[in-house]
Structure formats: C-alpha cells, structure tokens
Amino acid sequence: MTSLPYKPVLLTLAILLGACSSMPKTTPLLDQTRNDYRTAEDNPKVSSYAQPEMKQAREALELASAAAKRNDSDESIDKLAYLAKQKIAVTQEAATQKSAEAAIADAGRIRDQMRLDQRTNEADQAKRNADQARLDTRIAQNETRQAQERTSQLEAQLADLSAKHTERGMVITLGDVLFGSDLSRLSADGARTLQKLAEVLRQNPTRNVLIEGFTDSTGSAAHNQELSEKRSNVVRNTLADMGVANDRMVVRAYGEAYPVAVNDNKESRQLNRRVEIVVSNDSGVIPPR
C-alpha cells in the first residue's frame with residue numbers, strides 16, 4: 001500500500017518523457033540557418049533578382065530540417081545546415097550583385113534616353129528654327145514686295161506732280177510760277193498741286209516730307225532768306241490745312257543758297273526761285289542735304 005503515492009509521479013514523468021521524445025530535433029547552426037533564410041525571404045531584392053538561388057537554398061534547408069526530424073546525429077544535421085547556410089549567403093550576394101547590375105543598366109538606359117531626348121529636342125528645335133527662318137523669309141519677301149508695290153504706286157501718283165528721282169528721294173519742285181511775283185502767296189495752280197500731294201501723303205502715312213525754300217540772288221540776302229522762309233511755311237501750312245500732320249513735315253529755308261542755275265539771266269533766276277518738297281522713303285527718313 002505504501003507504493004501507491006508514487007504512481008502519479010511516475011505517470012507524469014512518463015508523459016513528459018514521451019512529449020520530449022516527440023519534439024523536433026534541432027541544433028544551434030540549424031536555428032541560425034533558419035533565421036538567415038527568413039532574412040533572405042524578407043529581402044525584396046531576393047524575390048526580384050535571385051529566385052533560382054533562393055529555390056536552391058530552400059531545398060538545402062529542407063534537407064537539413066528533414067534530417068533533424070529523423071533525429072539524425074547533430075553532425076549530420078549541422079553538415080546539411082551549413083550547406084543550406086552557404087546557399088542562403090550565395091542567394092543574398094546574388095541578389096545584391098544583380099540589383100546593382102540592374103541599377104547600372106537602368107542608369108544606362110536613362111542616360112541613353114536622355115541623350116535620345118536631347119537629340120530629338122535639338123532636331124525639333126532645328127526644325128522649328130528652319131520653319132521660323134522660312135517664315136521670316138516669306139514675311140520679309142512679302143514686306144519687300146509690298147514696299148515695292150507702295151513705292152511703285154507712289155511714283156505713279158507723283159508722276160502727275162512732275163516729281164523726280166534723287167538720292168534723297170522723290171522731289172517735287174514748286175517753281176516761281178506757282179507763287180505771285182516776289183510774294184509768298186500760292187497761285188491757284190500751286191494750291192491744286194499741293195492738294196494732289198496732300199492726297200498722296202494721306203494714302204501713304206509712313207512718308208514724311210522736307211520742305212525747302214530757295215530764291216535767286218536778286219535783292220539782299222536777308223530779304224531772300226525771309227522770302228524763302230515765308231514760301232516754305234506757306235507750303236507747310238497749306239498741307240496742314242489739307243490734313244497732313246505737322247509732325248510729318250520739316251521746313252528749311254536757304255535763301256539764295258544752293259542755286260540750280262546761274263543768276264545772270266531772267267530764265268536762270270526763275271529756276272532758282274523755288275520750293276522743293278522731298279518725299280521720304282517708306283521708313284520716313286530723308287537724308288540731309
């Protein structure tokens with residue numbers, strides 16, 4: 001009867017021993033190898049670049065785990081665990097190397113694409129420049145043609161006013177017969193001439209005029225200067241009354257200077273008594289005398 005208290009203790013020991021015998025066997029190296037495997041498994045580079053190597057590492061670890069499950073010797077388990085650990089290391093190294101190679105390749109592709117984009121942009125810019133140059137040429141040609149047409153039209157309009165080509169532009173001469181003798185008052189014919197000129201200037205708003213007055217050498221220089229100024233101003237004022245803006249007209253009076261003929265006879269002196277109206281080029285510029 002004294003042996004009865006020991007039976008529960010023995011039963012408990014038997015259960016514990018049975019449980020221990022059913023637990024999977026392992027070794028420190030196998031545990032470390034399993035940790036290494038989990039680390040590699042969590043590495044995104046491995047899943048992207050080293051799947052074949054990871055498969056070999058997994059198969060090697062499975063062999064080591066199977067040996068532990070069979071309760072093989074620690075030496076046998078560690079041998080297989082070491083091989084698995086090496087394959088895991090190879091997997092990690094392969095993932096790092098292939099990731100670096102991929103980065104280099106990507107950098108190369110980016111560089112090549114940037115060069116291609118640059119060449120494409122340069123080609124596009126060159127095409128745009130060429131197109132713009134052609135457009136500018138056409139515009140310039142069109143502007144030149146229009147300017148020539150305006151000049152031809154202006155010359156045709158001024159032909160009725162007996163205008164002459166000079167280096168300074170088209171020149172209309174109002175001779176002595178268009179003013180009263182020794183007077184600064186326009187005759188009826190002179191007024192009609194200016195009316196035609198005013199109409200031409202209204203149709204050609206970019207053209208300006210220089211009005212220059214001259215006399216012969218008869219009389220004093222002061223009197224001749226005053227008379228040339230009066231006649232020039234009469235022409236300007238008449239054109240202004242006919243609608244030509246004052247800022248398009250410049251007046252110069254030279255008296256008996258710049259004769260176009262000698263002053264030793266009546267006919268020559270009459271030629272020198274004049275008002276010259278110089279019509280500018282299309283840019284509104286009149287070269288100085």
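This report walks through the fold, the largest pocket, the aromatic contacts and a few single residues of the chain above.

## About the model

This is a predicted model, in which local features need pLDDT of at least 70 and side-chain atom pairs count only at pLDDT 80 or more, while totals for chains, interfaces and linings use all residues. Residues are numbered from 1 along each chain as its sequence is written, and side-chain values use heavy atoms, with hydrogens and water left out.

## Overall fold

Let us start with the chain as a whole. It has eight helices and five strands, taken as DSSP runs numbered from the N terminus (helices are H or I with at least four residues, strands are E with at least two). Along the sequence the order is α-α-α-α-α-β-β-α-β-α-β-α-β.

The chain has 289 residues, and 29% of them count as buried. Here buried means under 20% relative accessible area, exposed means over 50%, and partly exposed lies in between (1.4 Å probe, protein chains only). Contacts are heavy atoms within 4.5 Å; of those between residues at least 6 apart in sequence, 74% join residues at least 24 apart.

## The largest pocket

Rolling a probe the size of a water molecule over the atoms shows where empty space is left. The search runs on a 1 Å grid over the protein atoms alone: a cavity is a set of points where a 1.4 Å probe fits but cannot get out, whereas a pocket is an open set with protein on both sides within 12 Å along at least five of seven lines, and lining residues have an atom within 4 Å of a point. Points are joined across faces, edges and corners, and the volume is the space filled by probe spheres set on them. By this recipe, the largest pocket holds about 350 Å³.

Which residues lie nearest the centre of this pocket? They are Lys-164, Thr-173, Leu-271, Arg-274 and Glu-276, out of 21 residues in the lining. At least two lining residues come from each of strand E1 (164-166), strand E2 (169-175), helix H8 (266-272) and strand E5 (274-279), and E2 gives the most, with four. The lining divides into seven nonpolar, five polar and nine charged residues. For this split, Ala, Val, Leu, Ile, Met, Phe, Trp, Tyr, Cys and Pro are nonpolar, Asp, Glu, Lys and Arg are charged, and the others, Gly among them, are polar.

## Aromatic rings and their charged partners

A pair of aromatic rings is described by the distance of the centres and the angle of the planes. Rings of Phe, Tyr and Trp (its six-membered ring) pair if their centres lie within 6.5 Å; planes under 30 degrees apart are stacked, over 60 edge-to-face, and the rest tilted. The count by this rule is three aromatic pairs. In one of them, Phe-214 and Tyr-258 have ring centres 6.5 Å apart and planes at 85 degrees, so the pair is edge-to-face. Phe-214 belongs to strand E3 (residues 209-214) and Tyr-258 to the loop between strand E4 (249-253) and H8, so this pair ties together parts 44 residues apart in sequence. Tyr-254 and Tyr-258 also meet edge-to-face, because their planes stand at 85 degrees with the centres 5.1 Å apart. Together, Phe-214, Tyr-254 and Tyr-258 form one aromatic cluster.

How do the members of the cluster differ in exposure? Phe-214 is buried at 1% relative accessible area, whereas Tyr-254 is partly exposed at 22% and Tyr-258 is partly exposed at 41%. Charges join in too: a charge sits over a ring if NZ of Lys or CZ of Arg is within 6 Å of the ring centre and within 35 degrees of the ring normal. The charged end of Arg-274 sits over the Phe-214 ring, 3.9 Å from its centre, and Arg-289 lies over the face of Tyr-258, 4.7 Å from the ring centre.

## Individual residues

Helix H2 (residues 28-42) contains Thr-33, which is buried at 0% relative accessibility. Beyond four places in sequence, Thr-33 touches Leu-61, Ala-81, Ala-84, Lys-85 and Ile-88. Asp-36 is also found in helix H2 and is buried at 19%; its contacts outside four places in sequence are Lys-85 and Ile-88.

Two loop residues have a positive phi without being glycine: Asn-71 at about 65 degrees and Tyr-258 at about 55 degrees. Asn-71 lies between helix H4 (51-69) and helix H5 (74-159) and is partly exposed at 46%.
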